[in-house]
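Q: I have a sequence and a model open side by side, and I would like to learn how to read the features in it. Could we go through them one at a time, beginning with the aromatic rings?

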Amino acid sequence: MAMNGMMAGLVGRRRRIVVVGVALIFAGFMGLQAMALPQKAAEPTDLHVGSLRVNKILFLGNSITLHGPKPDIGWTGNWGMAASEETKDYVHLLTATIATKAKGQPRILAKNIADFERGFQSYRPAESLKSELEFKADLVVLAIGENVPALTSDALKTEYGDAFRSLISAIQGQGKPTIVVRSCFWADPAKDEIMRSICKEMGGLHVDLGKLGADPQNMAGAERKIDHAGVANHPGDRGMQAIAEAIWAVIRERGSK
């Protein structure tokens, strides 16, 4: 599905995008915080994709969703690593498609929650995501898992499942949004199955990214020269497009019901 040429609405005067990042690369680099202050804009009031309300969209993820500048590894963007520009990461591609179909610009909020991945046993969603929960999104895209340590025992699998369930429960407690959970970009059977089953259990929409991470053409290093291997191995423009299209397909299907 064509998704290019739709990004102008994201940078117009009616845009309000708040970005809060605690950055993390899957290889374990030290993160940065970045914030874009909200701009005055009229609140969307009745945007839908079919029956699905999309006035406000919340993206919770890791470096693929949002990574602040880190020049020492050659990354100077403040968007999803490693798209070539902001408009080509999956957050902005997906938002542009939704805006076109809904005939209006949703308000969006994106946050890097790699701290959940690194320390899910002690993570407290109500405290760590206070502002994001108060946003009361209509649609939440949950894109995590890559930075979760390997789940090598039944005990770790249970702990991660409990933490993941608590995270979704906290999100559902604020306005009962539609929640989309995508599998890991770099497939991990243990993590992916836990997230898939809990997503289904709690009424969310699951997106199977399947073999996207196994295709080298989906990596940024296949599109342009990137010296740092960690950055190069993140999804490039093609990979971001594929992620956005996979999530959009599930959203479109739900909206048609």
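A: Keep in mind from the start that this is a predicted model. A pair of aromatic rings is described by the distance of the centres and the angle of the planes. Searching the whole structure in these terms gives seven aromatic pairs. In one of them, Phe116 and Tyr160 stand 6.3 Å apart from centre to centre, with 45° between the planes, and the pair is tilted. This pair connects distant parts of the chain, since Phe116 belongs to helix α2 (residues 114–118) and Tyr160 to helix α5 (residues 154–172), 44 residues apart. Phe116 and Tyr160 are both buried.

Q: What geometry does the pair of Phe185 and Trp186 have?

A: Phe185 and Trp186 make an edge-to-face pair, with 5.1 Å between the ring centres and 90° between the planes. Phe185 has a relative accessible area of 0% and is therefore buried, whereas Trp186, with 22%, is partly exposed; the cut-off that separates the two cases is 20%, because buried means under that value.

Q: Which residues do ring pairs link into a cluster?

A: The cluster consists of Phe116, Phe120, Tyr123, Tyr160 and Phe164, linked through ring pairs. Two of its names, Phe116 and Tyr160, are familiar from the tilted pair.

Q: How should I read a helix, and what does helix α1 show?

A: An α-helix has 3.6 residues a turn, so residues three or four places apart point the same way. Helix α1 covers residues 90–102, which makes 13 residues, and its span from first to last C-alpha is 18 Å, close to the 18 Å expected at 1.5 Å a residue. Helix α1 is mostly covered, with 11 of its 13 residues buried; among them are Tyr90, Val91, His92, Leu93 and Leu94. The buried set also includes Ala102, and the residue that follows α1 is Lys103, with a positive phi near 60°.

Q: What is notable about the phi of Lys103, and is Lys103 buried or exposed?

A: The value near 60° is positive in a residue other than glycine. Lys103 sits in the loop between α1 and β6, and with a relative accessible area of 75% it is exposed. Lys136 offers a second case, not being a glycine yet having a positive phi of about 55°. Lys136 lies in the loop between α4 and β7 (139–143), and its relative accessibility of 47% makes it partly exposed.

Q: Where does a cis peptide bond occur next to Ala82?

A: The cis bond joins Met81 and Ala82, with omega at about 5°. As for its setting, Ala82 belongs to the loop between β5 (56–61) and α1.

Q: How do I read a buried polar side chain, taking Asn112 as the example?

A: Begin with its place and its burial, and then look for polar partners. Asn112 is part of strand β6 (residues 107–112), and it counts as buried because its relative accessibility is 0%. A polar atom of the Asn112 side chain lies 2.9 Å from the backbone nitrogen of Ala114, and a polar atom of that side chain lies 3.5 Å from the backbone oxygen of Asn62.

Q: How many cavities of 30 Å³ or more does the structure hold, and what lines the second largest?

A: There are three cavities of 30 Å³ or more, and the second largest contains about 40 Å³ of space. Its lining includes Leu58, Glu132, Leu133, Lys136 and Ile171. By class, the lining has six nonpolar, one polar and two charged residues. Lys136, one of the lining residues, is the lysine with the positive phi of about 55°.

Q: How can I find places where separate stretches of the chain come together?

A: Compare the separation in sequence with the distance between C-alpha atoms. Leu129 and Ile171 are 42 residues apart in sequence, with 9.0 Å between their C-alpha atoms. Leu129 lies in the loop between α3 (125–128) and α4 (130–134), and at 1% relative accessibility it counts as buried. Arg118 and Asn147 are 29 residues apart in sequence, and their C-alpha atoms are 6.4 Å apart. Arg118 belongs to helix α2 and is partly exposed, with a relative accessible area of 44%.

How values were computed:
Residues numbered from 1 in each chain as written. Predicted model: local features only at pLDDT ≥ 70, side-chain atom pairs only at ≥ 80, totals over all residues. Heavy atoms only, no water. 1 Å grid on protein atoms, 1.4 Å probe; cavity = no way out; pocket = protein on both sides within 12 Å on 5 of 7 lines; lining within 4 Å. Points joined across faces, edges and corners; volume = space filled by probe spheres on them. Nonpolar A, V, L, I, M, F, W, Y, C, P; charged D, E, K, R; others polar. Helix = DSSP H or I, 4+ residues; strand = E, 2+ residues; numbered from the N terminus. Buried < 20%, exposed > 50% of the residue type's maximum accessible area, 1.4 Å probe, protein only. Polar contact = N/O pair within 3.5 Å; in protein donor to acceptor, adjacent residues only side chain to side chain. Expected span 1.5 Å × (residues − 1). Phe/Tyr/Trp six-rings, centres within 6.5 Å; stacked < 30°, edge-to-face > 60°.
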